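Student: I am new to this structure and would like a close look at one part of it. Could you take me through that part slowly, explaining each term as it comes up?

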Amino acid sequence: MLTVRIIGTSIEKSRSSRASEAASRFARLTAVVLNWDEPELTIRCVEALVGDGVPPSRIVVVDNGSSGDSFAQFEQKLSECVLVRLPTNVGIARAVNIGAARLEGDDYLILNNDAFVLGPASVARLLEALRRDRVGIAVPRTLNEDLTLQPSVVGLAGPATALVGALGLSRLVPNRWQPRWSTHWDHGESRAVDAASGAVYAVRGDVWHELGGMSERRWMYGEDIDLCRRARARGWSIWFERDATFVHLGSSTVSRHWDDAARAKMIARSEVAALRSELSPVSAWTTLVLLVAGVGARWVAFSAARRKRAAVFRAVLEGYRDGILGRVDE
């Protein structure tokens, strides 16, 4: 009986210690959530963070040029948060940097406003991952609204990954070779990865400051992968934390402003800009040629039967063209 009580006390002390550590980290966490004409989603995102233990006073809500009554709703329902109102939409990276600068933190949590905490202690697990040796960025497992996996971990673009994609072999790459060679990894274990898309990501404070926050070279798209690439270049690693879980609706805000084809074109432009700035000229052009070949083949294949899908591939090709010609900001 005595032994059982000792073990029980030890477990309780351990849990209490972990809870105390989490509360201490939350007290110096800066969480940044952007809003653009989607106040209901933003409020839901913030409430989910608070429900997972993040103090409202450590959450910065940036209203990025909304045209409606978003800010008035935030003043009413999120009054304990740090509220920032921008008169015009300045783009994702700049808005995040403005929000992060308003509240100094030991760690930074950047979220899309359509990403919601699902698993308990998810934020605490991301912050705990940042305490690993040389881990600069930690990302969670993201799920679709129906709770199916939403792949987020990717390999960094280059000639090899572009060749695999152009040949249509992405789905045939064995899981043990993922995610470096393709985007079909099963996300089944916590581990170091090359990069991940940024619906949610935690950044160690000194890494955030070392990198100068997010690069503002592009108005939208690619800023998350760019952050991963720059962190890796400085010797930091990216950690995928399977046991931190969020639901991400995906494109909830931008779909109000652009259709699938327009978004695809914008993403393609940003992809070209990233390749040209991050790879050597030979690698960048080789990658681009392979990407164009792969997308072009899909455009031809879908043109007859699935015209809506074909229109998206055509928009990607147009985006590549614009990016190559330097018309990235059109």
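Tutor: D37 is buried, with a relative accessible area of 10%, where buried means under 20% relative accessible area, exposed means over 50% and partly exposed lies in between, using a 1.4 Å probe and protein chains only. This is a predicted model, in which local features need pLDDT of at least 70 and side-chain atom pairs count only at pLDDT 80 or more, while totals for chains, interfaces and linings use all residues. Residues are numbered from 1 along each chain as its sequence is written, and side-chain values use heavy atoms, with hydrogens and water left out.

D37 also has a positive phi of about 60°, although D37 is not a glycine. It is found in the loop that runs between strand 1 (29-35) and helix 2 (39-51); helices (H or I, at least four residues) and strands (E, at least two) are DSSP runs, numbered from the N terminus.

From this loop we can turn to strand 1, which runs parallel to strand 4 (residues 107-111) and is joined to strand 4 by five bridges; two strands pair if DSSP finds at least two bridges between them. Within this pairing, L29 has D107 of strand 4 as its bridge partner. Strand 4 is also joined by five bridges to strand 10 (residues 200-204), and these two strands run antiparallel, with I110 standing opposite Y201 of strand 10.

Five of the five residues of strand 4 are buried, so this strand is largely enclosed by the rest of the structure. In a regular strand the side chains alternate between the two faces of the sheet. Here D107, L109 and L111 point one way from strand 4, whereas Y108 and I110 point the other way, and all are buried.

Strand 1 and helix 2, the elements on either side of the loop that holds D37, are also among what covers the buried residues of helix 3, together with strand 2 (59-64) and strand 3 (82-86); contact here means heavy atoms within 4.5 Å. In helix 3 (residues 70-77), the buried residues are S70, F71, Q73 and F74. They cover an arc of only 155° around the axis, which puts them on the same side of helix 3, the arc being that of the directions from the helix axis to the C-beta atoms. An α-helix has 3.6 residues a turn, so residues three or four places apart point the same way.
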